[in-house]
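This briefing addresses the fold, the nonpolar core, the enclosed space and the cysteines of one protein chain. Please consult the sequence and the model shown below while reading.

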Amino acid sequence: MAFWFYRGLRKGIATTRYPKTIDPWARRLPSPPAFHSDRLTTGLADRLARECTAGALTREAQELVIDLGRCTGCGRCIELSDGAARPSGEFLLASAERAALIKRVPIRGDREVRDDQR
C-alpha cells in the first residue's frame, strides 16, 4: 500500500487504470436479479416486493421496479420467483446518476392468464 502512495506522489498520479479484464472469480459474486417479463405476473411481483428484505423491489402498475442501489444480491427473490428471475451476473453497477440504478421490468405474464380465461 505504501508503495503505491509514494509512487503516486512521485509521479503525480492519483488513480490507476481499471483492470483490462475481469477476474474469473468475480463471476461468482452475488449479483442483482434479472427478470423474465413473460413469466412475471402482478401477483408474483407483489409477493417478491413483499419478501424483499432490502426494499429493492416494488410494483408500479404493470411494472416491477428494481432499485439496484438498495439490492444486496441476496438471491431471495430468485429463490421465490418460480423461474421468473436469475442472477444477472452484473456487479459493475457504479453510476454518477441515481436514476441509472432504477430498472423497470414490464409485467407480461398476466397476458397469458387473460388469454386462457377467454
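In what order do the elements of the protein chain run from the N terminus on? The order is α-β-α-β-β-α-β-β-α. The model is a predicted one, and its protein chain contains 4 helices and 5 strands.

**Chain overview**

- The protein chain has 118 residues, of which 27% are buried.
- Among contacts with a separation of 6 or more, 77% join residues that lie 24 or more positions apart.

**Nonpolar core**

- The largest nonpolar core comprises 17 residues, and those touching the most other members are Phe 35, Leu 40, Leu 48, Leu 57, Leu 64, Ile 66 and Val 105.
- Two or more residues of this core come from each of α2, β3 (63-67) and α3.
- With 4 residues, α2 provides the largest share of this core.
- Val 105 contacts several residues beyond its neighbours within four places in sequence, namely Phe 35, Ser 37, Leu 40, Gln 62, Glu 63, Leu 64 and Ile 66.
- As general background, nonpolar side chains in soluble globular proteins tend to be buried together.

**Cavity**

- The search of the whole structure yields 1 cavity of 30 Å³ or more.
- For the largest cavity, the computed volume is about 150 Å³.
- Its lining consists of 18 residues, and Cys 52, Leu 57, Cys 71, Cys 74 and Cys 77 are the closest to the centre.
- Both α2 (42-51) and α3 (76-80) contribute at least two residues to the lining of the largest cavity.
- The largest share of that lining, 3 residues, belongs to α3.
- Sorted by class, the lining of the largest cavity includes 11 nonpolar, 5 polar and 2 charged residues.
- Leu 57 is thus named twice, among the residues closest to the centre of the largest cavity and among the core residues that touch the most other members.

**Cysteines**

- How many disulfides does the structure hold? The number is 0.
- A disulfide requires cysteine sulfur atoms within 2.5 Å.
- For Cys 74, the closest cysteine sulfur is that of Cys 77, at 6.3 Å, so the pair is too far apart for a bond.
- For Cys 77, the closest cysteine sulfur is in Cys 71, and the distance of 6.2 Å is likewise too far for a bond.
- Is Cys 77 buried or exposed? Cys 77 counts as buried because its relative accessibility is 14%, whereas Cys 74 is exposed, with a relative accessible area of 53%.

Key: Residues numbered from 1 in each chain as written. Predicted model: local features only at pLDDT ≥ 70, side-chain atom pairs only at ≥ 80, totals over all residues. Heavy atoms only, no water. Buried < 20%, exposed > 50% of the residue type's maximum accessible area, 1.4 Å probe, protein only. 1 Å grid on protein atoms, 1.4 Å probe; cavity = no way out; pocket = protein on both sides within 12 Å on 5 of 7 lines; lining within 4 Å. Points joined across faces, edges and corners; volume = space filled by probe spheres on them. Nonpolar A, V, L, I, M, F, W, Y, C, P; charged D, E, K, R; others polar. Core = buried A, V, L, I, M, F, W, Y, C linked by side-chain atoms within 4.5 Å. Contact = heavy atoms within 4.5 Å.
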